[in-house]
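Subject: Structure for you to look at

Hi,

Here is the structure I promised to pass on. Please open it first, then read my notes below.

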Amino acid sequence: SLESELAKVRQEKESLTQQLLNTIKHKVVLSQELDAWQKGKQIVSFSFLFKVAYFMQQEVMVRTQGQEKIFFLL
């Protein structure tokens, strides 16, 4: 009958709506995880660059001090 067909269509609609909501929730969680990963990756990259810059500065200072000693000895 028409009423049973209508009830079936409504049930399918509710099921699809729930599936859509679950998919959207899952997408939001994945997006948040991706954002957190990208921020973590940026922090690691900045930390690495800072360390590289620090060690380069230390190397320049050591070399500069060595040149000053050589110059002073002359």
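Below is what I found, from the whole protein down to single residues.

A caution first: this is a predicted model.

Overall picture. The secondary structure is one helix and zero strands. That helix, α1, covers residues 2–73. The protein has 74 residues, and buried ones make up 0% of them. The exposed area is about 7600 Å². Carbon and sulfur atoms supply 66% of that area.

Nonpolar patch. Five names to select in your viewer: Phe 46, Phe 48, Leu 49, Val 52 and Met 56. Together they make a nonpolar surface patch of about 550 Å². Take Met 56 as one of them. Met 56 sits in helix α1. Its relative accessibility is 51%, so Met 56 counts as exposed, because the exposed class takes values over 50%.

Aromatic pair. The count comes to one aromatic pair. The partners are Tyr 54 and Phe 55, with ring centres 5.6 Å apart. Their planes stand at 70 degrees, so the pair is edge-to-face. The cut-off for that label is over 60 degrees.

Are the two partners buried or exposed? Tyr 54 has 41% relative accessibility, so Tyr 54 counts as partly exposed. Phe 55 has 55%, so Phe 55 counts as exposed. The partly exposed class runs between 20% and 50%.

Send me your comments when you have had a look.

Best wishes

Technical notes
Residues are numbered from 1 along each chain as its sequence is written. This is a predicted model: local features need pLDDT of at least 70, side-chain atom pairs count only at pLDDT 80 or more; totals for chains, interfaces and linings use all residues. Side-chain values use heavy atoms; hydrogens and water are left out. Rings of Phe, Tyr and Trp (its six-membered ring) pair if their centres lie within 6.5 Å; planes under 30 degrees apart count as stacked, over 60 as edge-to-face and the rest as tilted. Buried means under 20% relative accessible area, exposed over 50%, partly exposed in between (1.4 Å probe, protein chains only). Patches are made of residues with over 30% relative accessible area and no salt bridge: like charges are joined within 9 Å, nonpolar side chains (Val, Leu, Ile, Met, Phe, Trp, Tyr) within 5 Å. Accessible areas come from the Shrake-Rupley method with a 1.4 Å probe; for residues, only the protein chains shown count as cover. A salt bridge is a side-chain nitrogen of Lys or Arg within 4 Å of a carboxyl oxygen of Asp or Glu. Helices (H or I, at least four residues) and strands (E, at least two) are DSSP runs, numbered from the N terminus.
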